[in-house]
Amino acid sequence: MTFIDPTQQSPTPGLIAGYVILTLVSLACTIWAIQLGRQRTHYRLFFSVRVLFPIAILILALENATMAASGKLMEQTVKGMSVVEMHPLVRAIFVLQTFEVPILLIVMFEVTYLIHKRRSVNFCGMYFDEGRRLNNTQAMSCMLRNSIRSLATVLLIIGLIVNFDFVESDIPIDDLAGRAGWWTLFKGTGTFQQKLHLFLSLLPIAVLVIISFYLSILLWRYGTSSSMIVHSSICNP
């Protein structure tokens with residue numbers, strides 16, 4: 001898999017400028033996340049929020065920087081063939097990119113858990129009193145938090161399998177893994193086994209979107225009915 005298509009033209013100056021801006025914004029967010037992790041006491045207690053979240057944003061910055069430099073990378077050829085996928089920087093990004101979804105999944109869950117715990121609001125079958133878990137929900141808490149971590153590990157393994165092409169087929173759609181979406185998956189010809197590579201490349205993001213959507217609903221409900229400041233509108237700033 002590659003997010004750089006060596007068969008296409010180099011990115012335009014407008015795209016390069018866009019990638020550079022995204023890189024700078026990601027770096028600024030990384031610094032801001034590090035400061036929040038150091039200054040906020042309740043964040044310092046959570047390794048995923050204090051350490052892993054800034055790492056995920058830094059990986060996004062590196063990915064955007066690689067996309068900005070993709071034109072120069074595609075110019076490197078061996079015997080007339082592009083070797084962009086074998087470039088050490090791109091190979092390193094292939095490894096780092098697989099950590100983005102697992103880290104964001106864990107951070108989203110832990111932040112939602114922390115918010116509900118601090119205000120003693122019920123969360124996914126867990127009950128709190130004065131910011132502490134009740135004894136009869138400790139088993140549920142342990143099972144749920146470890147299941148999220150296990151799911152993140154599975155998604156990390158799937159990302160590595162996809163990025164290093166451990167699952168391949170001989171149909172053209174297989175080459176689109178990393179550069180195509182669900183529409184291409186359902187529209188393309190071939191059996192599911194032949195399109196497995198493309199499916200696996202889309203699966204981690206789909207899982208992250210579904211779980212994040214559910215956690216967002218919980219946060220919206222918290223802000224609507226349980227927050228110390230309840231806004232009158234349906235939007236909770």
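Reader: Which residues touch the most other members of the largest nonpolar core?

Author: This is a predicted model. Its largest nonpolar core has 25 residues. The residues there that touch the most other members are Leu105, Phe109, Phe123, Leu155 and Leu215.

Reader: Which helix gives the most to this core?

Author: Helices α6 (100-118), α7 (138-163) and α9 (196-225) each supply at least two residues of the core. With 7 residues, the one that gives the most is α9.

Reader: How many helices and strands does the chain have, and in what order do the elements run?

Author: The chain has 9 helices and 4 strands. Read from the N terminus, the order of the elements is α-α-α-α-β-β-α-α-β-β-α-α-α.

Reader: What percentage of the chain is made up of buried residues?

Author: The chain has 237 residues. To count as buried, a residue must have under 20% relative accessible area. The buried share of the chain is 38%.

Reader: What does α7 reach from its first C-alpha to its last?

Author: α7 has 26 residues, for which 38 Å is expected at 1.5 Å a residue. The helix comes close to that value, with a reach of 37 Å.

Reader: Which residues of α7 are buried?

Author: An α-helix has 3.6 residues a turn, so residues three or four places apart point the same way. In α7, the buried residues are Ser141, Leu144, Arg145, Ile148, Ala152, Leu155, Leu156, Ile158, Gly159, Val162 and Asn163.

Reader: Is Ile158 buried or exposed?

Author: Ile158 has its place in helix α7. In space, its C-alpha is 7.8 Å from that of Ser201, although the two are 43 residues apart in sequence. Because its relative accessibility is 13%, and the cut-off is under 20%, Ile158 counts as buried.

Reader: What is the sign of phi at Asp165?

Author: Asp165 follows α7. Its phi is near 55 degrees, so by the sign of that value it is positive.

Reader: How far apart are the closest N and O atoms in the salt bridge of Arg145 with Glu110?

Author: Side chains of opposite charge can pair when their charged atoms come close. A search of the whole structure finds 2 salt bridges, and one of them joins Arg145 and Glu110. Arg145 lies in helix α7 and Glu110 in helix α6, so this pair ties together parts that are 35 residues apart in sequence. The closest N and O atoms of the pair are apart by 3.0 Å.

Reader: Which residue forms a salt bridge with Glu110 at 3.4 Å between the closest N and O atoms?

Author: The bridge at 3.4 Å joins Glu110 to Arg149. Glu110 lies in helix α6 and its partner in helix α7, so the pair ties together parts that are 39 residues apart in sequence. Salt bridges that share partners join Glu110, Arg145 and Arg149 into one network. The partner asked for is Arg149.

Reader: Is Arg149 buried or partly exposed?

Author: Glu110 is buried, with a relative accessible area of 3%, and Arg145 is buried too. For Arg149 the relative accessible area is 36%. That value is not under 20% and not over 50%, so Arg149 is partly exposed.

Reader: Where does α3 bend?

Author: Helix α3 (residues 47-68) has 22 residues and reaches 31 Å from its first C-alpha to its last, close to the 32 Å expected at 1.5 Å a residue. The bend in α3 is about 25 degrees, and a proline, Pro54, follows within four residues. The residue at the bend is Phe53.

Reader: Which helix gives the largest share of the nonpolar surface patch?

Author: A nonpolar surface patch of about 510 Å² is made by Ile16, Val20, Leu24, Leu27, Leu58, Leu62 and Leu96. Both α1 (13-39) and α3 supply at least two of its residues. The largest share, 4 residues, comes from α1.

Reader: What is the relative accessible area of Leu27?

Author: Leu27 lies in helix α1 and is one of the residues of the nonpolar patch. Patch residues have over 30% relative accessible area. Leu27 is partly exposed, and its value is 36%.

Reader: Is Thr98 buried or exposed?

Author: Thr98 has its place in the loop between α5 (88-97) and α6. Its C-alpha is 9.2 Å from that of Val162, which is 64 residues away in sequence. With a relative accessible area of 6%, Thr98 is buried.

Notes: Residues are numbered from 1 along each chain as its sequence is written. This is a predicted model: local features need pLDDT of at least 70, side-chain atom pairs count only at pLDDT 80 or more; totals for chains, interfaces and linings use all residues. Side-chain values use heavy atoms; hydrogens and water are left out. The expected span of a helix is 1.5 Å times one less than its number of residues. The bend at a residue is the angle between axes fitted to the seven residues ending there and the seven starting there. Patches are made of residues with over 30% relative accessible area and no salt bridge: like charges are joined within 9 Å, nonpolar side chains (Val, Leu, Ile, Met, Phe, Trp, Tyr) within 5 Å. Accessible areas come from the Shrake-Rupley method with a 1.4 Å probe; for residues, only the protein chains shown count as cover. A salt bridge is a side-chain nitrogen of Lys or Arg within 4 Å of a carboxyl oxygen of Asp or Glu. Buried means under 20% relative accessible area, exposed over 50%, partly exposed in between (1.4 Å probe, protein chains only). A nonpolar core is a set of buried Ala, Val, Leu, Ile, Met, Phe, Trp, Tyr and Cys residues joined through side-chain atoms within 4.5 Å.
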